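Student: I've got a new model to look at, and I'd like some help reading it. Can we go through it together?

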Amino acid sequence: MPFLGYAEYGGVEILNEARTYAYSQRAGLGMMCSPCDGLTNALGAPTYTTPKSDRAPWYDPHFPESQRVIGFLGMDMTGFGSTGQRSPTEAVGDGSVIGPLRMAHREIHVTLAALALDHCALVYALGWLSHVLRGNSCQNNECSGLTFCLYACCPQDDDGDTPGQRSRYLRHFMDVGLMEGPNQISLTGGREGGSGGDSSLTAGGTGGTSGAGTVVQISGGATAGCEGFGRARSGSALATGLEFTVVAGKPWAYADSIRVVDWSRFVKGSKVSTFDPDKQRDDCAQQQREGPKCEDNPHCPFPASVPKVPVPVDRCYPARPYAAWRTVKTVSPLAIPRQAEGVPYIEIETGSQPLENTLFRFYQNLQGRDCTKHPIDPCTACAELFIPWLPSNASINIDGRSQKAYSRCRQKDPKQRFVTTTQRIALVGPGGTSFQWPVFSCGTGFCIEIVTSQQVTVKNASGSNVRVDIDSKAEFSIGYVARFDAT
């Protein structure tokens, strides 16, 4: 059971017990609760006064009733266990072939209470939540899904010292979309379990709809910090129960990215006059052929293996050696979590010129030694990522969580600096084969090799192709994102 006091969906805050507490106190509702002390610090220490002055997520100046929405309280969330499953196949004899373990999609069921000062504001709150859960209609995200974020627990002792992290307790669910709801329910009466207590809303007064009424009490430890409402000191409010279900196409709960390689410039590495990844691969294959082998039984050798099907090579993979900048970075085993799988998160700034033939290779570094002082063997790379082309004036994100790579391209004209476009980035696997997103199964240290061309082909003012140096300010950073089967 995660912390119920905060949640974001598609980048929009839908639960924030600190905000709800502040607005309820101002409305004189007598909310008997002390929200998680670390929540406001984790959110950047905001102060909450009114929905209008704070520009609350639901506030809209065209709808005055939006100013009278108090907020939402998390009552229960389920669906955070492991989604691992197997489908054994019965053998002809005894037993079964157990088959591979796969992670199914995740369904998260959320129960919350919506609070408002009057009936009009409550109806508006329900419409606003329904709109947010459908996703941003201005983007084509019906299939790819959004992000659902919450805290694994109250971020009480989160010191925020980890570079690049919002919070070490924040969890991200990727490719999330609405499956059902939000449906209005009644919270009248106790309901045991799940939230750690009796979560009930006692309705009284008039003017409410089914499951709504004047708030007298919301009791229990449902929000992991709020005990609920006492009798109103000077005002009254309406509340109703809501429930909805979202589905996460990727079942893992991702922590925030830990930056393991800080921003570094490509040109700060060493120059390589003829970098040839194909020759490196051929050398590895030759070592494999000429290395020590176990002896076969001379009387009855094993049958010859079936010839491998040729793998098509991407046409953008370089067919000849090229001059390159090469950098090697060391990631200590102490810099990343040990008890969780991980995926990479890479950011690149290209500067005024494009980048060509950019390569990232990852090597296990169990001893945590300085990778710059010990030669690394290309044959032992555990993951490889090759990018044929990166546009100029662009910020590139290669995200192992969503398994997407895209660039945001800025206008060269500073007068149009706010105009950006987005495009997908092509990724190529080892030797020009299809790319597979890497997953680091255990938290060991790494050596990371970064290579990119010293020069790139561009068109000059007359339209002719010319070779120019890459921008000396082009830089990259590398993050490690831990992921969990359950939270």
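Tutor: Let's go from the whole chain to one helix and then one strand.

Tutor: Keep in mind that this is a predicted model.

Student: Fine. How many helices and strands does the protein chain have?

Tutor: There are 5 helices and 29 strands in the protein chain.

Student: What share of the 487 residues is buried?

Tutor: Buried here means under 20% relative accessible area. By that cut-off, 46% of the 487 residues in the protein chain are buried. The accessible surface comes to about 24,800 Å², and carbon and sulfur atoms own 51% of that.

Student: And what share of the contacts comes from residues 24 or more positions apart?

Tutor: Count the contacts with a separation of 6 or more: 77% of them link residues 24 or more positions apart.

Student: Now a helix. What span does α5 reach, and what is expected?

Tutor: For a helix you can compare the end-to-end span with 1.5 Å a residue. Helix α5 covers residues 277-290, 14 in total, and reaches 20 Å from first C-alpha to last, close to the expected 20 Å.

Student: Which residues of α5 are buried?

Tutor: Pro277, Gln280 and Cys284. Looking down the axis of α5, these buried residues fall within an arc of 60 degrees, so they line one face of the helix. On the face turned away from that buried side you'll find the exposed residues Asp282, Arg289 and Glu290.

Student: What do the buried residues of α5 pack against?

Tutor: Strands, namely β18 (270-275), β19 (322-331) and β21 (355-365). While you're there, check the start of α5: a side-chain oxygen of Asp276 comes to within 3.2 Å of the backbone nitrogen of Asp278.

Student: On to a strand. Why is β23 described as largely enclosed?

Tutor: With a strand, check burial residue by residue. In β23 (residues 394-399), 6 of the 6 residues are buried, so the rest of the structure largely encloses this strand.

Student: Which residues point which way from β23?

Tutor: Ala394, Ile396 and Ile398 go one way, while Ser395, Asn397 and Asp399 go the other; all are buried.

Student: Which strands does β23 pair with?

Tutor: Strand β20 (residues 341-349) runs antiparallel to β23, with 5 bridges joining them. One bridge to find is that of Tyr345 with Asp399 in β23. Strand β24 (residues 404-410) also pairs with β23 in the antiparallel sense, over 6 bridges. There, Ser395 has Arg408 of β24 as its bridge partner.

Student: And what is going on with phi at Gln403?

Tutor: β23 and β24 form a hairpin with 4 residues between the strands, and Gln403 takes a positive phi near 55 degrees in it.

Terms used. Residues numbered from 1 in each chain as written. Predicted model: local features only at pLDDT ≥ 70, side-chain atom pairs only at ≥ 80, totals over all residues. Heavy atoms only, no water. Helix = DSSP H or I, 4+ residues; strand = E, 2+ residues; numbered from the N terminus. Buried < 20%, exposed > 50% of the residue type's maximum accessible area, 1.4 Å probe, protein only. Contact = heavy atoms within 4.5 Å. Areas by Shrake-Rupley, 256 points an atom, 1.4 Å probe, with all protein chains shown as cover. Expected span 1.5 Å × (residues − 1). Arc of directions from axis to C-beta. Polar contact = N/O pair within 3.5 Å; in protein donor to acceptor, adjacent residues only side chain to side chain. Pairing = 2+ DSSP bridges.
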